[in-house]
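Me: Could you take a close look at one part of this model for me, the place where two helices pack together? I'd like a connected walk through it, please.

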Amino acid sequence: KAVTALTRVSIDPAFNLANENTNNCIDTLPSLLQSLMSSLINSTVRQITKLHSESDAKKWIENAADSMVQACSDLSAGEEGDADHDDDDGWLPLACAAERMIDFHHGDEEHSADVIVLKLNFALLALDRCLADDDRSDRENQLKEATTRLNELVIKDDSDDATNRMLQIAMQGLTHAEISLRYIDKNSDAIMRDHPLLLAAVML
């Protein structure tokens, strides 16, 4: 619940006005929030793994990502004159939440695989919500085939478990991006009619 709450707070416009307000700290408030979120994720996964199992920790990551998507979905559009005034379905806040959850482009902190997996799950669930359609089987089959093909090309039996896990995470992200961009291109006529949806899907 704490990770979900922090994710929801991160997209509040008033909160993001604190970007330039460091007071007596070196880091901005959003940066401190991301560090707190990363620590919460790592400590929770460690505790669940120790007290229960790695499988239970994986389920917690999946459930946390789903809760984050629910908390950041169906938010209202911006005021008249705002850039998101036409975002009636709240696609842009969802995409922004996934982007801002943990910023890998700033700071010297090296994030754990668990933090990366949770952000990836959050982004993929959000993207799946954006591209939801009546028949998802074709897209899901393409994802499975592409993931299997890349894993066979990249994953090496002589690599250590940590290396293979990071490669699998990378392959999952790459295949979802490729298949989703194909889907957007194939259905461009329909998606282009909803500009916030298109922008959110591309961001994710």
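**A helix pair up close**

Reply: Sure. Keep in mind that this is a predicted model. Helix α4, residues 54-71, packs on helix α6, residues 113-130, at an angle of about 45°, and their axes are 9 Å apart. That angle makes α4 oblique to α6, since oblique covers what is left once angles under 35 degrees, over 145 and from 65 to 115 are taken out. As for handedness, α4 goes past α6 in a right-handed crossing.

Now for who meets whom. On the α4 side, the contact is made by Trp 60, Ile 61, Glu 62, Ala 64, Ala 65, Asp 66, Met 68, Val 69 and Gln 70. Facing them from α6 are Asp 114, Val 117, Leu 118, Asn 121, Phe 122, Leu 125, Ala 126 and Arg 129. Sorted by class, the contact between α4 and α6 holds eleven nonpolar, two polar and four charged residues.

While you're on α4, have a look at Ala 71, which also lies in that helix. Ala 71 is partly exposed, because its relative accessible area is 25%, and buried would need under 20%. Leaving out residues up to four places away in sequence, Ala 71 touches Thr 4 and Arg 8. There's also a C-alpha separation to check: Ala 71 and Leu 94 sit 23 residues apart along the chain, and their C-alpha atoms are 8.8 Å from each other.

Notes. Residues numbered from 1 in each chain as written. Predicted model: local features only at pLDDT ≥ 70, side-chain atom pairs only at ≥ 80, totals over all residues. Heavy atoms only, no water. Axes fitted to C-alpha atoms, helices over the stretch in contact; angles between N-to-C directions. Helix = DSSP H or I, 4+ residues; strand = E, 2+ residues; numbered from the N terminus. Left-handed = near helix turned anticlockwise from the far one by under 90°. Contact = heavy atoms within 4.5 Å. Nonpolar A, V, L, I, M, F, W, Y, C, P; charged D, E, K, R; others polar. Buried < 20%, exposed > 50% of the residue type's maximum accessible area, 1.4 Å probe, protein only.
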